Amino acid sequence: MNQNDLKEHWITYIYDQKLTQEDEDVQHVLSIVGTSPLNILEVACGSGRISIPLAQTGHFVTGFDIDESMLERIPEKAAGLTNFNYYKADAISDDWGTGFDVVVLSGNLLNNIVTNGGFQEAQELFIKKAASCVKKGGHMYLDFDCIGGEDSPSPDKGDEVIIFEGTDDLGTYGKYILVGGEYNSKTRIDRSYRRWEITPKDGEMFKSVNNEVIKHFSNYDEVTSWLEKYGWEIEWQAPVSEETFYAIIWAKKK
């Protein structure tokens with residue numbers, strides 16, 4: 001493998017492993033969706049961390065993601081499941097299909113949208129597409145970080161933080177490092193800078209440049225206004241407070 005392939009393989013393996021260990025949201029989705037077989041779509045399904053447990057419970061699950069390296073991890077994990085299918089697609093530009101009982105937008109998806117356009121427009125588009133892909137009376141599971149807080153200036157380089165690290169199945173060791181960033185409370189835009197340090201087995205360590213990651217944190221009132229606009233009725237939600245800044249919503253399509 002070349003350096004880029006080694007890095008992408010390491011990122012996918014460690015990220016998948018890390019998230020699989022943190023499965024509280026998976027259990028939450030399962031408990032809310034229930035066990036009666038439903039036709040479910042998961043948007044940006046990644047490596048199937050949520051889709052596969054839903055299929056194992058007996059639901060008929062479809063997932064899509066734009067990240068091929070994440071999708072490549074699915075076959076081994078989903079071996080023997082005939083009620084789960086997946087494909088590559090762009091959630092912004094591609095159609096989501098129709099006729100689903102439930103659509104899942106989990107993993108803080110709204111804040112992780114990658115777009116060259118406006119972040120708010122893309123977030124609203126996801127709520128609109130979710131409404132179009134489910135049946136009348138169908139449901140959506142949605143969670144998102146509606147962070148508030150004050151402006152946060154970029155820290156000094158001495159404040160670097162390791163986001164995660166580990167060794168993959170090829171023996172490649174790596175670190176994913178936060179090297180600075182800033183949050184603007186007016187625009188709700190968070191800009192951070194990340195660096196990868198990758199050490200192949202029996203090879204020398206190489207580094208990536210300090211990549212910029214831009215996220216737009218959702219506004220709770222704005223998201224709930226979109227839900228109403230596109231025909232969603234909130235049936236249940238987790239309490240949102242100054243302490244949590246995190247919303248979990250189960251909504252029904254009117």
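These are my notes on the cores and ring pairs of a predicted model.

**Ground rules.** Local features need pLDDT of at least 70 and side-chain atom pairs count only at pLDDT 80 or more, while totals for chains, interfaces and linings use all residues. Residues are numbered from 1 along each chain as its sequence is written, and side-chain values use heavy atoms, with hydrogens and water left out.

**Cores.** I looked up the largest nonpolar core (buried Ala, Val, Leu, Ile, Met, Phe, Trp, Tyr and Cys joined through side-chain atoms within 4.5 Å; buried is under 20% relative accessible area with a 1.4 Å probe, protein chains only). It has 30 residues, and Val43, Trp96, Val103, Leu105 and Trp232 have the most contacts inside it. Helix 6 (119–133) is one of the elements giving two or more residues, as is strand 4 (100–105); helices (H or I, at least four residues) and strands (E, at least two) are DSSP runs numbered from the N terminus. Helix 6 gives the largest share, six residues. Apart from this core I found another, of 21 residues, including Ile50 and Phe84.

**Rings.** I searched the whole structure and got 10 aromatic pairs (ring centres of Phe, Tyr or Trp, the last by its six-membered ring, within 6.5 Å; planes under 30 degrees apart are stacked, over 60 edge-to-face, the rest tilted). Tyr183 and Phe217 pair edge-to-face, at 6.0 Å centre to centre and 80 degrees between the planes. Tyr183 is in strand 7 and Phe217 in the loop between strand 10 and helix 7, so their pair ties together parts 34 residues apart in sequence. Both Tyr183 and Phe217 are buried. Elsewhere in my notes, ring pairs link Trp10, Tyr15, Phe164, Tyr176 and Trp196 into a cluster.

Conventions: Buried < 20%, exposed > 50% of the residue type's maximum accessible area, 1.4 Å probe, protein only.
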